[in-house]
Amino acid sequence: MNDRIHPFANLLAAVARGVTGVQVQWAGCEPDEKQRIYFANHTSHLDFVVLWSGLPPDLRAHTRPVAAQDYWESSALRRYVVMNVFNAVLVQRGVMAQAKSPEEARYAGRALIEQMAAALGDQYSLILFPEGTRGNGEKVGSFRAGLYHLALRRPDVELVPAYLENMNRILPKGEVLPVPMLSLLTFGKPLQVEPGEEKEMFLERAREAVSSLRRIGSA
């Protein structure tokens, strides 16, 4: 894989920063070349571009967004942008819900985690939205289990919460053209799965880590 950033990615990132006026603050950590999973709230299709553009340029080439296959493969242009420009990891949503048996659901879940673990490799970081779908911007929804299982699968990778403010107003659901408005991207303190910590407890703690960054940003 060529680690050079696609010129169009830099152009799209510059446009996204211009439209959103995004300000970036590191409230619990600093930019670092170590492998990370940046996990954030999700309210807009611009989210991963804005979060990616908020990273220092030397980190972007090694940071891959995780994106929904059904949306980004719905047209040739979308697929080209997400795969060739941003080197995204496309995942199939709802595979476990569509499974015909618990065994099939477990197999689908394991395959999804292995796909993301392989995408991390030994040099990449990921951008992940654990809610699994876009929220309304009022509160962070429940997290799906993928973040927990991926953290167990790759305990060497740092988990960094992030919060994107105002993205639902800049590009509301169903709209095509963004509305220029100021936004804020806040990165928080890294966390990890504690020894013996159960899935539900970790996912709630991770969700609260993201939610709490909204309060920091508005302080």
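This report walks through a predicted model of one protein chain, from its overall make-up to a few local details.

## The big picture

Let's start with how far to trust the model. The mean pLDDT of the protein chain is 87, with 85% of its residues at 70 or more. Confidence peaks in strand 2 (residues 36–40), where the mean is 98, and bottoms out in helix 8 (residues 167–170), where the mean is 64. If you're looking at helix 8, then, keep in mind that this is where confidence is lowest.

As for the layout, the chain has 9 helices and 7 strands. Of its 219 residues, 47% are buried. If you take the contacts with a separation of 6 or more, 75% of them come from residues 24 or more positions apart. On the outside, the chain exposes about 11300 Å², and carbon and sulfur atoms supply 54% of that area.

## Helix 5 and what packs on it

Helix 5 covers residues 76–85, and its buried residues are Val-81, Val-82 and Val-85. Look down the axis of helix 5 and these buried residues fall within an arc of 115°, so they line one face of the helix. The general background is handy here: an α-helix has 3.6 residues a turn, so residues three or four places apart point the same way.

What sits over that face? The cover on the buried residues of helix 5 includes helix 1 (7–20), helix 2 (47–53) and helix 4 (69–72), along with strand 3 (63–68) and strand 4 (89–91). Just past the end of helix 5, Asn-87 takes a positive phi of about 55°.

## Helix 1 and the segment before it

Helix 1 turns up again when you look at the surface, through Val-15, which is one of its residues. Val-15 joins Phe-8 and Leu-11 in a nonpolar surface patch of about 250 Å². Val-15 itself has a relative accessible area of 45% and is partly exposed.

Arg-4 lies in the segment before helix 1. This residue counts as exposed, because its relative accessibility is 71% and the cut-off for exposed is over 50%. Arg-4 and Asp-58 are 54 residues apart in sequence, and their C-alpha atoms are 9.8 Å apart in space.

## Salt bridges

Side chains of opposite charge can pair when their charged atoms come close. In this model the count comes to 8 salt bridges. One of them joins Glu-158 and Lys-34, at 3.7 Å from N to O. Glu-158 belongs to strand 6 (residues 158–165), while Lys-34 is in the loop between strand 1 (23–26) and strand 2, so the pair ties together parts that are 124 residues apart in sequence. Lys-34 is partly exposed, at a relative accessible area of 39%.

Another salt bridge brings Glu-73 and Arg-79 together, at 2.1 Å from N to O. Both partners are partly exposed: Glu-73 has 35% relative accessibility, and Arg-79 has 36%. Asp-156 and Arg-154 also meet in a salt bridge, at 2.9 Å from N to O. Here Asp-156 is exposed, at 52% relative accessibility, whereas Arg-154 is buried, at 12%. Finally, back to Lys-34 and Glu-158: salt bridges with shared partners link these two and Arg-36 into one network.

How values were computed: Residues are numbered from 1 along each chain as its sequence is written. This is a predicted model: local features need pLDDT of at least 70, side-chain atom pairs count only at pLDDT 80 or more; totals for chains, interfaces and linings use all residues. Side-chain values use heavy atoms; hydrogens and water are left out. pLDDT is the predictor's confidence in each residue, from 0 to 100. Helices (H or I, at least four residues) and strands (E, at least two) are DSSP runs, numbered from the N terminus. Buried means under 20% relative accessible area, exposed over 50%, partly exposed in between (1.4 Å probe, protein chains only). The arc is that of the directions from the helix axis to the C-beta atoms. Contact means heavy atoms within 4.5 Å. Patches are made of residues with over 30% relative accessible area and no salt bridge: like charges are joined within 9 Å, nonpolar side chains (Val, Leu, Ile, Met, Phe, Trp, Tyr) within 5 Å. Accessible areas come from the Shrake-Rupley method with a 1.4 Å probe; for residues, only the protein chains shown count as cover. A salt bridge is a side-chain nitrogen of Lys or Arg within 4 Å of a carboxyl oxygen of Asp or Glu.
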